[in-house]
Structures are given as structure tokens and as C-alpha cells.
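Please consider the structure below together with its sequence. The paragraphs that follow lead from one residue of a helix to a strand and its partners, and then to aromatic side chains and matters of confidence.

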Amino acid sequence: MVNPNEDTEFNDALRAHGILPPKPPSRSPSPEIPHITHADAVRAIAATADQDQLVTLLEGDNLDSDDERMFEDYRRKRMGEMKKEEKRGRFGSMEPLAREDFVKEVTEGSKTEINDDGEVYVPVQDEAGDDEEGERSNRMRGTGVVVFLFKDSVPLSQHLRPLLNQLALAHPSTKFLSIPAGLCIPNYPDKNVPTLLIYRNGDIAGNVVAGMGLKGMKTTVRDLEGLLLYYKAIEKPSPAILRQQTGNAADSDSDVDDDFDERPGGVNARASGIRSSGGHAVGAGRGKVDSDDSDFDL
């Protein structure tokens, strides 16, 4: 009796003539495995390695010239990325300001920008506000600069200082500077302290005298961040600040629109007498500040 499952020449002949059915395959064919070259493997390692790992790889023994060249190319690429990031976020802390450096660090410093290569440059615009290519840009020009005029004996100065330090760390693309109020403006009255002067692109965008528009000693870092967003000193909220405040429901319920009114009579609607280099008065908030007390041409 013929066993159709036997692997014999006779059964093969019967299958060839259709007398026996084809023999079923013993197992499924293996999937085709793509061929990975040594260069592909080295490139995959280099593409995912950080700066320190690439340095370690370059110091390894038995490294051929092609591998060394690839690792070195990626190392230089990582260095360029790090330098660009450092230039984009080149501040990160509130630094002291000398009165004689005000124009250089504040007025002129707010005109600088960072291009896509991480380089600092001063944009050239015509009278219509068009850029060098003749197109109007909607992005914010220049660098945001926040100047903190303080006096240590004024409680609100001490309350705002650590909040500004937090914001300087969270927004390293904005320059935060501090200077004693009496050193910046001789005979500056205590009732106007603390004062925040906010610049962008060479112009004073706003000032906040004696905490106008804030919540006094109850001001949170998110309240202060909202104010700086309003004046375009910073471009967007910091996720770190948001996470910090979500733990406190009472604080996190505050909204920028509740505190800042863009209509006439809202925040920054009255003149304080502190003027930019062009002589234009800038508002001080929801209250009146005597211009004779705070008149200072920057």
C-alpha cells in the first residue's frame, strides 16, 4: 500500500501525473531579512548618539578612517546645534545693570535678533516696516528686555524679585536686568517703586509703576508672566511655569484677560512721564503717577 506522505521517487512520479496531491510545505517560508551594511550600522549609532557619546566613540580603538569621519561629522553637527541653542537662549538669569550701560544693554540690546543660524544681527527695515526682502513680517522683532527698578526696603520689590528670577530662567530668550531705582533715576520716589520698564526692538513697549495691573503682595509668577506676555516682552507662556501653578487651584484660575484691559483706560492707559529716547510718554497702569516725580529721558 502506497503511503502518500512518504518522500519517495515513486510518490514524486505519482504527484507529477496528478495521481497524488502536491505535498504540503513543511513550514512557512522565512521572511526576507534586509541586508544591513556596516556603514548603515555606524550611521544609525552616530545619528542617535549625543555629544559625549560621540567623543567616547572617537576615542575607541580599532576605528577605521570611514567610521572616524562619520563620527566626527556628527560630533561637529551636535556642537553646532548646541551653539545655536545657547545663542537662542543666551540669557537665563536676571543680571545687574549699570546706569551708564542703559542705552547699550536696553535700548540697543532690544534691537538685536537671532537668525535661523543662531547668529545675532540687527534687522534692516524701511519706513513702512518691511524687511530687507520687501516683505512685512508678522513675527516679533528684536529681543524683549525687562528692567526691574527696585528698592530693597519696599516689600513689593522683595516680593517680585524671586518671581522675575523664575521668569528669567523660564524665558532665556528675554533679557532681564535689575538696577536700584535711585541709581537709575536720581530722586525717584518710593511710591513708584518697584517699576518694570519693558523694551523691544529699540522702543519702550510699556512700564508698570508700583505694581499697577498686578495683585500686590499676592502676585504670582503666572500673573507676572501674563503681564510680560501682554507687553510682548516674552513670546509665549512657559510650560514649566504652567506646571508649577497648576498645583494651586486658586492661583491657576487667574487669567490674563481678567487683569489686562486693552481698551483705553485699562493697563498702561495713563502717562507716567517716563519716556523713551524719542520723547514719547508711556503709560503706567490703572492709576495716576505724578510726571514730575518720574520724569526721566532714557
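Does L163 count as buried or exposed? The model is a predicted one, and in it L163 has a relative accessibility of 10%, so it counts as buried, the limit being under 20%. This leucine belongs to helix 6, which spans residues 155-170. Apart from neighbours within four places in sequence, the contacts of L163 are with T219, T220, V221 and L224. A further relation across the sequence concerns E225: the C-alpha atoms of L163 and E225 lie 9.0 Å apart in space, while 62 residues separate the two in sequence.

The next element is strand 4, formed by residues 144-150. Of its 7 residues, 7 are buried, and the strand is thus described as mostly covered. In a regular strand, side chains alternate between the two faces of the sheet. In strand 4, G144, V146, F148 and F150 point one way, whereas V145, V147 and L149 point the other way. Both sets are buried.

Strand 4 has pairings with two strands. With strand 6, residues 195-200, the arrangement is antiparallel and comprises 6 bridges. Within this pairing, L149 is placed opposite T195 of strand 6. With strand 5 the arrangement is parallel, and here too 6 bridges are found. In that pairing V147 stands opposite L177 of strand 5.

Strand 5 covers residues 175-180, and K175 lies within it. Which side of the burial limit does this lysine fall on, buried or exposed? Its relative accessible area is 9%, which is under 20%, and K175 is therefore buried. The side chain of K175 reaches the backbone oxygen of E105 at a distance of 2.9 Å. E105 also appears among the residues that K175 touches beyond four places in sequence, the others being F91, G109, T143, G144, V145 and V146.

Attention now turns to the aromatic residues. How many aromatic pairs does the model contain? The count is 3. One pair is F148 with F150: the ring centres are 5.6 Å apart and the planes meet at 25°, which is under 30 degrees, so the pair is stacked. Both partners are buried, F148 at 1% relative accessibility and F150 at 11%. In the pair of Y230 and Y231, the ring centres are 5.0 Å apart and the planes lie at 80°, which is over 60 degrees, so this pair is edge-to-face. The two tyrosines fall into separate accessibility classes: Y230 has 22% and is partly exposed, while Y231 has 5% and is buried. F150 has a further partner in R161, whose charged end sits over the phenylalanine ring at 4.3 Å from its centre.

A word on confidence completes the account. The mean pLDDT of the protein is 75, and 67% of the residues score at least 70. Over residues 133-138 the pLDDT is below 50, and this stretch makes 4 contacts in the model beyond near neighbours in sequence. Residues 249-298 likewise have a pLDDT below 50, although 114 contacts beyond near neighbours in sequence are found for that stretch in the model. Where pLDDT is low, the predicted coordinates should not be read in detail.

Key:
Residues numbered from 1 in each chain as written. Heavy atoms only, no water. pLDDT = per-residue confidence, 0-100. Contact = heavy atoms within 4.5 Å. Helix = DSSP H or I, 4+ residues; strand = E, 2+ residues; numbered from the N terminus. Buried < 20%, exposed > 50% of the residue type's maximum accessible area, 1.4 Å probe, protein only. Polar contact = N/O pair within 3.5 Å; in protein donor to acceptor, adjacent residues only side chain to side chain. Phe/Tyr/Trp six-rings, centres within 6.5 Å; stacked < 30°, edge-to-face > 60°. Lys NZ or Arg CZ within 6 Å of the ring centre and 35° of its normal. Pairing = 2+ DSSP bridges.
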